[in-house]
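Trainee: I have the sequence and the model open. Can you walk me through what is in there?

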Amino acid sequence: MTKIFTLDEALEYGMKFAEKTNVQAVEGFTNKSVDTEISVEKNIPSIRTGVSTGVSFRVVSKNNFGFCFTRTLTKERIESIIKIAIENAHSKGEDPDFKSLPEVTKKSYQEFKFDKKLESITSDSLADDMTKLIDSINDVKGLHYLQGQLFISILDSHLMNSNGINLREKSAGYGGFGAAITTKGLIPNYSYGIKGGPNTSSFSIDDLIDETIEQTLRAAAPKTMNFEKEVPIILEPEAALGVLGGLFRILATQLSGNKVSSGATPYSDQIGNQVAVEKFNFIDNGINPTKISSSSFDAEGIPKEKTSLIENGVLKTYLLDSYYGNKLGLESNGKSSRSGIFGGGDPIKSVPSIGPSSLEISPGDSSKDEMIEETREGFMVRSLMGLHMSDTSSGRFSVTGFGWYIKNGEVKYPVQEIAISGMIPDLLKNIDLISKEIEPGLLSDCPYIRLASIPTTAKKFDLKTRFGLGVLKILTSLKIMKNPMF
Amino acid sequence: MDEDLYQKIFKLAAKENAVYTDIRDEDTLYNSIEVVDGKVESSITGSEAGIGIRVLIDGSWGFAFGSKENYKDIFSMVINAQKTSKKLSKSEVKLADVKPINDKVVIGQKKKSQDISFEEKMNLVLTVDKSLKDEENKIKATRLMYFDSLRRQTIATSEGTMIYEERPYTFLYMIPTAKKGTDTNSAGARAGHVGGFDIFDEVDVLERAENAKIRAINGLEAKGVKPGRYPVVLDGTLNFLFAHEAAGHSTEGDFLRTAGVLRGKLQKRIASDFVNLIDDGSLEYVPGYTSRTFGFMHYDDEGVPVERTEIIKEGVLKTYLTDRASAAYFNLKPTGNCRAEFYSSIPIVRMRNTYLEASKGNDLKEEEVLSLIKNGLLLKYGGGGQVDPIRGTFNFGVGEVFEIHNGEIKDLRKATTLSGNTVETLNKIMGLSNKMADPSANVGFCGKDGQSAPTGTGAGWMAVKMMTVGG
């Protein structure tokens with residue numbers, strides 16, 4: 001019978017096997033993740049639970065990388081994938097910019113204490129929290145629970161390289177989201193709340209309930225309108241840096257060392273230059289203890305850090321791993337990522353590449369209320385759609401979203417189908433107000449940001465659609481029929 | 001296939017009074033190469049293996065995953081998951097009936113991608129990358145992604161279904177970006193199919209690269225479109241994108257049990273009377289082309305045979321796309337749309353090959369579609385898309401735009417976006433051509449609930465009375 005290795009045995013065997021084949025260097029990574037996700041769509045639950053284990057190797061041969069992974073922890077499969085990884089390193093040809101895998105560093109590693117209480121959270125207790133979320137939303141007049149998810153993920157990872165790096169870390173993600181629908185007004189609308197962190201103190205079901213209810217109530221009774229002007233736009237923190245589509249996430253991509261190195265960004269050779277208004281500070285914080293993405297070391301074993309990318313509007317540095325740091329004549333600032341760790345993918349299958357941990361924009365000196373009061377006509381926007389179609393090389397974007405119409409310094413009503421477009425480099429110089437208030441997000445800390453003027457369009461539903469919604473409203477109000485939308 | 005293991009799991013399930021159990025046993029091989037600006041950014045080889053077990057007990061699902069050797073632990077997790085699910089359930093899950101099937105399906109590769117050396121794959125990608133450069137150095141950036149996988153999966157159910165399937169995918173994606181000052185314009189081209197490396201014998205990828213390069217350069221020189229509402233003609237790629245993103249996602253039965261703009265609209269008119277919306281997993285080849293469509297398969301991930309599903313027929317919503325549970329919920333026939341990305345993913349309702357066509361007798365030639373719009377825009381090369389099926393809104397990327405004046409194609413305009421409301425747009429379709437586009441160029445990966453699924457395919461041109469172009 002074929003022997004199945006443990007993760008440590010698989011890592012050790014793969015490292016030794018690669019070294020025996022005379023590779024220049026090798027890096028091995030194992031991960032065991034224990035996941036529980038409880039989702040309920042309206043009243044239909046879906047529970048996903050399981051254990052993922054696997055091993056991956058990055059081999060260096062003929063001065064280039066090859067990467068491989070497997071979940072089948074046998075000698076034969078490990079040997080087979082490492083051989084192919086060496087073949088693929090050879091196929092690439094020599095890379096003069098590769099110097100070495102990271103060496104053991106004297107820099108200190110921020111320590112994160114794993115919260116053992118997470119191990120005692122059962123799917124049963126998550127189900128109790130989910131019931132509380134559903135009931136709390138349904139108890140609010142005019143709100144209906146739509147969907148939600150609670151998750152807990154505990155990761156045990158182990159990273160080694162042939163230069164002596166040998167690091168282990170146990171980390172976790174605990175949180176969830178809730179979404180509710182409101183029937184107030186002609187057009188039903190929905191909104192959501194998202195909360196989470198790396199330990200039990202950074203997530204509470206009550207906070208998620210409050211956020212979901214508050215956001216849905218303020219989204220109630222939306223209108224559609226015909227609009228086509230350049231007006232001020234206030235980006236709520238979710239629209240600026242939210243995980244579901246934050247505009248400034250395009251900027252993070254533009255500041256990635258790989259983009260800078262190839263000139264595929266307007267920010268190549270711009271260090272020291274004023275690229276934004278003076279009040280704008282943009283940070284990637286890999287060691288924020290309240291964030292789900294924080295850890296002691298990055299994907300290649302370099303200590304994570306808090307990095308000021310843009311300070312007082314001046315570009316200070318880029319997001320760098322060891323390869324692109326070396327190529328650009330800079331030092332890695334610990335931004336190598338296996339995008340899977342709480343990034344939606346899978347850390348075992350992800351080749352180390354540059355990515356931010358937790359993005360921050362520093363607070364400004366206005367209050368959110370002042371920003372609204374100082375807006376003669378414009379919109380405040382919360383959720384954006386279509387961000388992934390933006391052109392990261394230029395920063396051109398064209399997105400549609402949901403927000404609120406502002407007239408004469410007052411929020412008038414929620415609006416669906418607001419479209420805004422522009423270029424990120426222009427937008428950074430077009431920020432005129434930043435709020436004092438910061439809203440912590442799942443992977444960010446961000447204030448409200450007002451853009452002085454931006455091309456904005458909106459479209460009113462046609463007569464037929466409005467008529468249909470009107471008839472539906474009357475029929476459901478008279479209880480002749482149930483609203484079929486939910 | 002590991003029939004002994006499956007029987008052990010079925011016995012454990014029977015002891016727990018499971019009325020239904022299924023096992024997905026997967027061992028998939030992957031290779032990928034990403035080249036950015038002539039440099040190989042990543043090259044990956046790997047294997048994904050494990051089992052996912054799903055049980056239905058007392059009207060509630062339990063699901064868990066892990067490695068085969070730990071099947072007893074996985075089964076314990078399944079039972080815990082089911083108990084949690086039961087606690088949260090307010091209704092009972094029922095499954096639409098299907099006949100048990102025993103089958104072994106190996107979708108062939110004329111040239112097996114897994115037998116091709118990395119060197120040859122790398123040469124192909126780097127050759128295409130080189131061809132994207134131009135003499136005047138207007139193309140400043142390139143990005144290429146090569147991917148092949150061999151999905152080997154057994155589906156075993158307690159009802160007696162036992163299907164082993166090997167399904168290969170091979171795919172190349174290229175994006176050249178032209179740049180002048182701070183202005184940039186990108187164009188995308190794809191070549192892919194359900195099959196092997198032979199796609200690159202059948203499709204001239206260098207010609208496809210040349211075409212993308214020219215579009216990127218020409219688009220850079222072009223003026224932008226003033227954002228606003230226009231009468232439009234959409235090419236086959238945008239027909240596919242609208243059909244998939246806007247219309248298709250809004251008809252997914254699992255999601256519709258909760259909410260959605262098309263909930264409660266079965267058997268009601270939701271589009272012009274000449275409009276059919278099709279989702280067809282059984283469409284292996286498009287007439288005139290030799291590459292298999294990207295959404296082709298024999299069975300879905302519940303072991304249900306796939307079919308050609310007429311979602312909208314002559315403007316009337318005839319069915320939703322279903323898995324066995326949503327089919328039972330809506331009292332519909334299972335359409336074979338249940339898919340899971342990996343053994344570790346919960347199977348959910350997904351599309352296959354989705355497109356809009358004209359009903360019988362209403363098929364127009366492309367020039368006839370164009371003539372429906374006197375003044376407006378011809379939009380080509382859709383790329384990327386996002387839909388909010390609750391609000392019924394969508395946003396797509398458009399790679400190439402031409403003005404239409406007096407029914408004739410005129411000046412080129414810069415790449416832009418297209419947005420709108422699904423229900424309104426379905427009612428504003430003026431005409432459709434059934435001349436299908438090359439399926440190898442219309443391949444994509446659809447995302448839903450964190451899972452990715454290969455989907456197709458390009459269809460014919462369509463005219464729409466009014467849509468919002470640009471932001």
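Mentor: Start inside chain B, and keep in mind that this is a predicted model. In chain B, 39 residues of domain 1 are in contact with 33 residues of domain 2.

Trainee: Which elements give two or more residues to the domain 1 side of that contact in chain B?

Mentor: Strands E1 (20-36), E2 (39-57), E3 (60-66), E5 (139-157), E6 (162-180) and E8 (189-193) of chain B do, along with helices H4 (199-202) and H5 (205-221) of chain B. E6(B) gives the most, with five residues.

Trainee: What sort of residues does that side have, by class?

Mentor: The side of domain 1 of chain B that touches domain 2 of chain B has 18 nonpolar, 11 polar and 10 charged residues.

Trainee: And where does the domain assignment put the two domains of chain B?

Mentor: Domain 1 of chain B is 3-221 and domain 2 of chain B is 228-469. Their centres, taken over C-alpha atoms, are 21 Å apart.

Trainee: Now chain A. How is that one divided?

Mentor: Into domain 1 (7-218) and domain 2 (227-458). The C-alpha centres of these two domains of chain A lie 22 Å apart. Between them, 35 residues of domain 1 of chain A are in contact with 29 residues of domain 2 of chain A.

Trainee: Which element has the largest share on the domain 1 side in chain A?

Mentor: E5(A), with five residues. By class, that side of domain 1 of chain A has 14 nonpolar, 14 polar and seven charged residues.

Trainee: What about chain A as a whole? How many helices and strands?

Mentor: Chain A has 11 helices and 18 strands. Its C-alpha trace spans about 75 × 55 × 40 Å along the principal axes.

Trainee: How does its radius of gyration fit a compact globule?

Mentor: A compact globule of 486 residues would have a radius of gyration near 23 Å, and chain A has 25 Å, so the two agree. Buried residues make up 57% of chain A. Of the contacts in chain A with a separation of 6 or more, 71% are between residues 24 or more positions apart.

Trainee: How many residues does each chain put into the contact between A and B?

Mentor: Chain A gives 76 residues and chain B gives 75. On the chain A side, the largest share is 10 residues, from strand E2 (residues 44-61) of chain A. By class, the chain A side has 32 nonpolar, 29 polar and 15 charged residues.

Trainee: Do the strands come into this? Which strand of chain A pairs with E2(B)?

Mentor: Strand E3 (residues 64-70) of chain A pairs with E2(B) in the parallel sense, over four bridges. Among the bridge partners, Phe69(A) has Gly46(B) in E2(B).

Trainee: Next, the core. How many residues are in the largest nonpolar one?

Mentor: It has 262 residues, and those with the most contacts inside it include Val59(A), Leu235(A) and Val232(B). Strand E4 (residues 143-161) of chain A gives the largest share of this core, nine residues.

Trainee: What does Leu235(A) touch, away from its neighbours in sequence?

Mentor: Leaving out neighbours within four places, Leu235(A) is in contact with Ala240(A), Leu247(A), Val381(A), Tyr448(A), Ile449(A) and Leu451(A).

Trainee: Different topic. Which residues have an odd backbone?

Mentor: Some background helps here. Most residues other than glycine have a negative phi, and most peptide bonds are trans. Lys62(A) has a positive phi, near 50°, and lies in the loop between E2 and E3 of chain A. Glu417(A) also has a positive phi, near 60°, and is found in strand E16 (residues 410-423) of chain A.

Trainee: Is each of those buried or partly exposed, and why?

Mentor: Lys62(A) counts as partly exposed because it has 16 C-beta neighbours inside 10 Å. Glu417(A) counts as buried because it has 26. The cut-off for buried is 20 or more.

Trainee: Where is there a cis peptide bond?

Mentor: Between Gly456(B) and Thr457(B), with omega about -5°. Thr457(B) lies in the loop between E22 and strand E23 (462-469) of chain B.

Trainee: And what does E22 of chain B pair with?

Mentor: Strand E22 (residues 451-455) of chain B runs antiparallel to strand E21 (residues 444-448) of chain B, with five bridges joining them. Gly444(B) stands opposite Thr455(B). The two strands form a hairpin with two residues between them, and Asp449(B) in the turn has a positive phi of about 50°.

Conventions:
Residues are numbered from 1 along each chain as its sequence is written. Chains are lettered from A and ligands numbered from 1 in the order in which they are written. This is a predicted model: local features need pLDDT of at least 70, side-chain atom pairs count only at pLDDT 80 or more; totals for chains, interfaces and linings use all residues. The radius of gyration is taken over C-alpha atoms; the globule rule is 2.2 Å times the number of residues to the power 0.38. A residue is buried if 20 or more other C-beta atoms lie within 10 Å of its own, exposed if 12 or fewer, and partly exposed in between; C-beta atoms are placed from the backbone. Two residues are in contact if their C-beta atoms, placed from the backbone, lie within 7 Å. Domain bounds come from an automatic or database domain assignment. Ala, Val, Leu, Ile, Met, Phe, Trp, Tyr, Cys and Pro count as nonpolar, Asp, Glu, Lys and Arg as charged, and the others, Gly among them, as polar. Two strands pair if DSSP finds at least two bridges between them. A nonpolar core is a set of buried Ala, Val, Leu, Ile, Met, Phe, Trp, Tyr and Cys residues joined through C-beta atoms within 7 Å.
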